[in-house]
Amino acid sequence: MIIDRAEVIVTSPDRNFVTLKITTSDGVTGLGDATLNGRELAVVAYLREHVVPLLAGRDPHRIEDAWQFLYRSAYWRRGPVTMAAIAAVDMALWDIKGKVTGLPVYQLLGGASREGLLAYGHASGKELPELFDSVREHLADGYRAIRIQSGVPGLKAIYGIASQASDTGGGEARYDHEPARRGELPVQEDWDTRAYLRHLPGVFEAVRHEFGPELPLLHDGHHRMTPIQAAKLGKDLEPFDLFWLEDCTPAENQEALRLVRQHTTTPLAIGEIFNTVWDFQDLIREQLIDYVRGAVTHMGGITPLKKTIDYAAQYQIKSGFHGPTDISPVGMAAQAHLGLAIHNFGIQEYMPHGEKTNQVFEQSFTWQDGLLHPGDQPGLGVTLDTDEAGRYPYERAYLPYNRLADGTMHDW
Ligand code: EZ4
Ligand code: CO
């Protein structure tokens, strides 16, 4: 059996997704997710122009060798575009190996280490009553862990707050917390870190008071603080016992995490925009983080993310793979198989996809009593309906960006 062909499928049911489909000479197909939110077509070109021509004739069983070949033979290494493209090949080959052996991918990775994956949902609100309602809805849906994002007095739209019909000028409300605007240029938002730092501890105090001490609560700082601001927030949030504080500072300066660490015992999670084990190497070895946020889709696939998470295990650092809706159902399935198999699983981020997306991608994935499970179909357990996919052509979409009150660009 050899790889016969590969094709790149772009579809935009509720948002854009890039999928690689590899077909073998025996007619077995494998799917891989290559979605890079807001820069999708760069990965499409990388795959179509530079990777697909290399795949025909290769042995699909040689996953490690295919990965090393794509990583090393390009000469130019790393970066989100390259690594999303390699990830898609890696996932598709694991999918094929599962189908050929008749086993779900988690069995090939060592078998299940647990019954299912603890997953967290995303509660948000501009004001406390709206936030509390959102927490209650998530509890009613079975979530056993919840991320809390809140409005800040004086600021308009901010990261992580579900938009209402009134925010979109009466247009379609978005409840998936993913504010990529389709068919438009990027939208400018406002930001004030000092106002945020003054407001947030009171929000967590109120949430703990309302919902009690047991519920695991998470928060995403979305790269907006300086190291000393992040240290202060971590310290201020200690009484409210967070499960984690995510992306407290921009990831480029990794020394920042050392400073934050010296000041607070609030657990730290980082890495949703990282793309290789090298980005995590110092943070893991020096035990500057508690959770690895890498996603299968952006870390180069199941193969390198497993290596990264096995390395983290030596330091009691756990997984917390990135799972917004910009990870496609194929990518979510791939990291659910990995999460089920590894020993040092921590938590899985979960943002359910929209109805149209679920019609394009049929999934064996289950969500029950707050736990995710990738299902027991051979391979990844996802099939792509190409006719459905063809109904939704690509639409350019951008994430928002931030400016401070005086017009200075800030991190979003
Ligand atoms: O803003 O995936 O923790 N989750 C996040 C996400 C990111 C988007 C960007 O594409 O930070 O919601
Ligand atoms: Co995040």
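Pro186 counts as partly exposed in this predicted model, its relative accessibility being 33%, and it sits in the loop that runs between strand S6 (181-182) and strand S7 (188-190). Although Pro186 and Pro400 are 214 residues apart along the chain, their C-alpha atoms are separated by 5.2 Å. Once the neighbours within four places in sequence are left aside, Pro186 is in contact with Tyr398, Leu399 and Tyr401. The points below turn from this loop to the salt bridges and then to two helix pairs.

**Salt bridges between distant parts of the chain**

- The model contains 22 salt bridges in total, and one of them joins Asp220 to Arg147, with the closest N and O atoms 3.4 Å apart.
- This pair links distant parts of the chain, since Asp220 belongs to strand S8 (residues 217-220) and Arg147 to strand S5 (residues 146-150), with the two positions 73 residues apart in sequence numbering.
- Both partners are buried, Asp220 as well as Arg147, which places each of them under 20% relative accessible area.
- Arg147 and Asp220 also take part in a network of salt bridges, in which they are linked with Glu246, Glu272, Arg293 and Glu349.

**Salt bridges between residues close in sequence**

- Within helix H7 (residues 227-237), Lys232 and Asp236 are four residues apart and are therefore separated by about one helical turn; their side chains meet in a salt bridge with an N to O distance of 3.0 Å.
- Lys232 is partly exposed because its relative accessible area is 44%, a value that lies between the limits of 20% for buried and 50% for exposed.
- Asp236, at 27% relative accessibility, likewise counts as partly exposed.
- Glu286 and Arg285 form a further salt bridge through their side chains, at 3.7 Å from N to O.
- Glu286 has a relative accessibility of 31% and so counts as partly exposed, and Arg285, with 37%, is also classed as partly exposed.

**Helices H1 and H3**

- The axes of helix H1 (residues 40-55) and helix H3 (residues 80-101) come within 9 Å and cross at roughly 50 degrees, and this angle makes H1 oblique to H3.
- The crossing in which H1 passes H3 is right-handed.
- On the H1 side the contact is made by Ala42, Val43, Tyr46, Leu47, Val51 and Leu55, and on the H3 side by Val81, Thr82, Ala84, Ala85 and Val89.
- By class, the residues in the contact of H1 with H3 divide into 10 nonpolar and one polar, with no charged residue taking part.

**Helices H9 and H10**

- For helix H9 (residues 277-285) and helix H10 (residues 302-313), the axes come within 10 Å and cross at roughly 5 degrees, so that H9 is roughly parallel to H10, given that angles under 35 degrees fall into that class.
- H9 contributes Val277, Phe280, Gln281, Ile284 and Arg285 to the contact, while H10 contributes Thr308, Tyr311 and Ala312.
- The contact of H9 with H10 is made up of five nonpolar, two polar and one charged residues.
- Arg285 thus appears in two settings, as a member of the contact between H9 and H10 and as the partner of Glu286 in a salt bridge.

Technical notes
Residues numbered from 1 in each chain as written. Chains lettered and ligands numbered in written order. Predicted model: local features only at pLDDT ≥ 70, side-chain atom pairs only at ≥ 80, totals over all residues. Heavy atoms only, no water. Salt bridge = Lys/Arg side-chain N within 4 Å of Asp/Glu carboxyl O. Buried < 20%, exposed > 50% of the residue type's maximum accessible area, 1.4 Å probe, protein only. Axes fitted to C-alpha atoms, helices over the stretch in contact; angles between N-to-C directions. Parallel < 35°, antiparallel > 145°, perpendicular 65-115°, else oblique. Left-handed = near helix turned anticlockwise from the far one by under 90°. Contact = heavy atoms within 4.5 Å. Nonpolar A, V, L, I, M, F, W, Y, C, P; charged D, E, K, R; others polar.
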